[in-house]
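Please open the model in your viewer and keep the selection panel at hand. We will go from one selection to the next, and at each stop you can compare the text with what is on the screen.

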Amino acid sequence: MPEPESELSSRQVEHVARLARLGITPEEVLRYRDQLRNILHHIEALNRADTSKVPATAHPLEERNVMREDRREPCLPAETALANAPSRDDSYFKVKAIQE
Amino acid sequence: MTAIATRYEVVVGLEVHAQILTQSKMFCGCSTDYLTAPPNANTCPVCLGLPGSLPVINRRAVEATIRTALALNCEIPEFSKFDRKNYFYPDLPKGYQISQYDLPLSRHGYLEFDLKGEGKRCGITRVHLEEDTGKLLHEGAIHEAQASLVNFNRAGVPLMEIVSEPDLRSADEAREYVMRLRAILQYIGVNHGDMESGQLRCDANVSLRPAGSAELGTKVEIKNMNSFRAIHRAIEYEIERQSEVLGSGGRLAQETRGWNDARALTVSQRSKEFAEDYRYFPEPDLPPLDVSREWVAEIRSGLPELPAARRERLITTLGLTPYDASLLTSSKPMVEFFEETVRLGAPAKTAANWILGDFSRLLNADRKEIDQASVKPVHLQQLISLIDSGAITGRMAKQTFEAMYRALDPSPALQAARDSTQISGDADLDRIAEQVIAENEKSVADFKAGKEQALKFLIGQGMKISKGRANPQRLDALLREKI
Amino acid sequence: MMLYQRTIRDLHQMLVDREISSVELTDAVFNQIDAVGDKTKAYLLVTRDLALRQAKAADERLRAKSDIRPLTGIPIALKDVLCVKDVASTAGSKILRGFIPPYSATVVERLEREGAVFLGKTNCDEFAMGSSNENSGYRPVHNPWALDRVPGGSSGGSAAAVASGEAIAALGSDTGGSIRQPAALTGIVGMKPTYGRVSRYGLIAFASSLDQIGPMTRDVADAALLLQAIAGHDPRDSTSSSRPVPDYLATLTDGVKGMRLGVPKEYFVAGMEPAVGQSIRDAIRLLEQQGASIEEVSLPHSDVALPAYYIIAPAEASSNLARYDGTRYGFQAGGGRNIIEEYMLTRQQGFGAEVKRRIMLGTYALSSGYYDAYYLQAQKVRTLIIEDFKAAFTKVDALLGATSPTAAFELGAKTQDPVAMYLNDIITIPANLGNVCGISVPCGLVDGLPIGLQVIAPGFGEETALRVAYAFEAATEFHKARSPLMGAAA
């Protein structure tokens, strides 16, 4: 667990927001920072548990090797796939340019 | 180049992405034939990433990956799982790619190949399984476009990632590695090896280090190489570029560069504004895989003869030179064509010469694969047979072959060659007919008694005597006359 | 009694006896929706045409006496995180405004086969994140027991609808308590099945390793019926269990005589209202009188369940919500100069504050340098919690405790402090992490507001939870109490 002295910083909030593609105003950065600090403070209790001898549970179920046969199933018609598109060009989804 | 070689050691690692030839996608039942389908016609809630959709693993894709890993001499651990690789891009419908991170299906293998008669071995770090992304079309050039168009037909197609150790030491080795890898993938039936369509993709990591040093130099990633030739040229260019920078005391940036084939150089791709952090974590929607030893054994027993073994067999049982054997086995369709031709009766060496010589020349000029040619093994075998019997000259054979190759149906050209040598002259045919009649009294009697079948037999005998050169129709008429 | 006040089983009998038709019944419920819907705001979308079509079809089956099932003709509400083909689904979020799924969730298809009638999509906290239904991107839901109070969350709309007579029963989803807690706060029965018991295909995902769909009903027998209809393996959900589904009605009325019931001492939490604690103790005593033996047990890692949950759930959510980018469906902000800006604007405007908080928290917990300390650690704590329950269940058959530490609080009372809000789930969260099942059943009123008794049973032991809950219900009248909006018996 990171040292308590490394309290969540504004910079970290900005970084995390960017990673998550969440637009955020400077004022929001501060507000979320404080709220997240408070939440993280409570989460620090996680440290109390002695986890040295246990594995992580990534998959709660006992099932393994759940697979399907390689068989084609009917697809959605293209029009249906595109029906919810906020922006389209003919049979393509249209998005803003990739340029950074 | 020699100066570079003595000062620096070239270190190259290759990352190959190979689509798997399954019927349906990695996590849903949509068809994988994205190259021909209309845009967005092969999609469903799962591969579109609609809210509420869930993935289900395609068993054949897992088996294909294990098969590939076995062919590459990899270890197959008993436990494997999928992980989410999180990032944003318009061709990535879920905002994450289901891939494998720390527990891939296989690790620690190797691929052996020859370079100029010397045997080489390149380590394989891992072979893992993931899903492909959709395709982006840009309206106009990428740096000018106002918008991009997205087609999700390819999203979700199963993809293997084959990562090599940085064991390759030259562009030649890199090219040879990819050729050999491609052949193996073809042999085991998981991929056709088509680089142009993107079915098989290759990225390279190239760095230089002072000769004798153990530390690795700055690594540059090279992308956008769409052919063996491009791989070779790009790596050679990059080696040159890097050594110039280092030689003049400069520092290399650890970056990604794209190969520009038209301009024959690598171009720095603008470094991303934000450092990407993929935040890998185990895919909660998919239970992990227990890869039992029985399952692996079953898959192993289904492996076909691999290129290396096939090469050995061609050398030892058919007497081919190692060089010819290597070339022939570098492509599954080619070696199969060769073996079929030999099976039909052609001598191995002659067949090899034709395939590796004139045939390959014509194919390369057209950028075609041997199985796309109209000439089939039976045609080649018959042509060879004509040459061997002395019926046609070598020069004529070459002309004939070219004509066969260019035609939709090689048979007429072959027939024309046969006809040109055909015995149609009455005197010759007459002699043959007389010989047939003299040597086959019983059949002649049968025919006289009304058995049509007997005439066919007599014609057959006539063909035998003339070594196939008699004109069968004329012979038929002559025999009828005489009998 | 008004039709909309009755249980599934009662109505089933009336339909089979042809005392009423499904159309009449459905109309009656729609009338109630018209009468009180504006007060509760339980629904985001009412699907009148669809419901009437289905009711007519159900009446056909009833008339022909062909393929009649327990839910045939029964009007049900669906939480807006469940996809119904060609019906708008928002998950309570503005970012999915206008999204019309081209497919139905597996549970929805199963209910359709039963011949159920879909009244509409109920309001919920945005992407199921919340404990009060105040995080809905559209409007908060009001508790039918007191309109200035929250109904609980995130399935607040489904709970309010059942409690106000705006639905005979409903489906909700539970990731950290989102069925059980609102059920407790609105005086109805709500059950979270074991993870994997019910298919998640078509459930708009919040936390993939925790989400489960479950019934919200007037009484325990109704919950058993509804669970029976939706439970079972689904090849489209790789995390659905292949264990066979037992007959949940078979042992329902067996009673608790001879059963061993455990009371986790950690569940009498610090923030619990004294009156709530007292009601729970009374309930436990009642079960003892019914013949069960009661013993105190310990689930030593209960205090780290909440922290573990608030790492695991947001982490998975941050990944599950990455697909909401305005390119294939839902809201698109427009105005971005390039795709990254477009993502930023769309997600900034489309998501509410709680969702953003959790996305950031989850992203942080998974990010480079923090993964081991947060996510991995939380997954290990999860193992400890699973072990706690396993150990307890070697000694007892089921566990008893409160569902929520308090009764319904006022709207706005906890919206300023996220942590205060999170603490509402402190007693429900362990069951989500622990691979067990849980049910909340009404056990009294505190200052006129309902509270619930939680019964927790081992994984895939739903019949045990139902049986204990049923025995408690049968010995009490709490489940017969009606909210003011539901009205007195006619």
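Begin with helix α2 of chain A in this predicted model, and colour A:Pro26, A:Glu27 and A:Leu30, which are exposed on one side of α2(A), the side other than that of the buried residues. Next, select A:Tyr32, A:Gln35, A:Leu36, A:Ile39, A:Leu40 and A:Ile43, which are the buried residues of α2(A). Why do they lie on the same side of α2(A)? They cover an arc of only 140 degrees around the axis, and this puts them together on one side of α2(A). A general property of helices helps here: an α-helix has 3.6 residues a turn, so residues three or four places apart point the same way.

Keep α2(A) selected and look at its two ends, at residues 26 and 43. At 1.5 Å a residue, its 18 residues should span 26 Å, and because the C-alpha atoms at the ends are 25 Å apart, the expected span and the model agree.

Now show what surrounds the buried residues of α2(A): within chain A they pack against α1 (10–19), and from chain C they meet α9 (305–320), α11 (353–366) and α13 (418–422).

From there, widen the selection to where chains A and C meet, where 56 residues of chain C are in contact with 47 residues of chain A. On the chain C side, the elements that give two or more residues are α9, α10 (339–350), α11, α12 (372–395) and α13. Of these, α12(C) gives the most, with eleven residues. If you colour this side of chain C by class, you should find 28 nonpolar, 20 polar and eight charged residues.

Stay on chain C, but turn to the side that touches chain B, where 36 residues of chain C are in contact with 24 residues of chain B. Here α9, α10 and α11 of chain C each supply at least two residues, and α9(C) gives the most, with three residues. By class, this side of chain C has 19 nonpolar, ten polar and seven charged residues.

Then select chain B itself, which is divided into domain 1 (2–298), domain 2 (308–420) and domain 3 (426–482). The centres of domain 1 and domain 3 of chain B, taken over C-alpha atoms, are separated by 65 Å.

Finally, colour by confidence: chain C averages a pLDDT of 97, with 99% of its residues scoring at least 70, while the model scores ipTM 0.96 and pTM 0.90. As a general caution, where pLDDT is low, the predicted coordinates should not be read in detail.

Conventions:
Residues numbered from 1 in each chain as written. Chains lettered and ligands numbered in written order. Predicted model: local features only at pLDDT ≥ 70, side-chain atom pairs only at ≥ 80, totals over all residues. Helix = DSSP H or I, 4+ residues; strand = E, 2+ residues; numbered from the N terminus. Expected span 1.5 Å × (residues − 1). Buried ≥ 20, exposed ≤ 12 C-beta atoms within 10 Å, placed from the backbone. Arc of directions from axis to C-beta. Contact = placed C-beta atoms within 7 Å. Nonpolar A, V, L, I, M, F, W, Y, C, P; charged D, E, K, R; others polar. Domains from an automatic or database assignment. pLDDT = per-residue confidence, 0-100.
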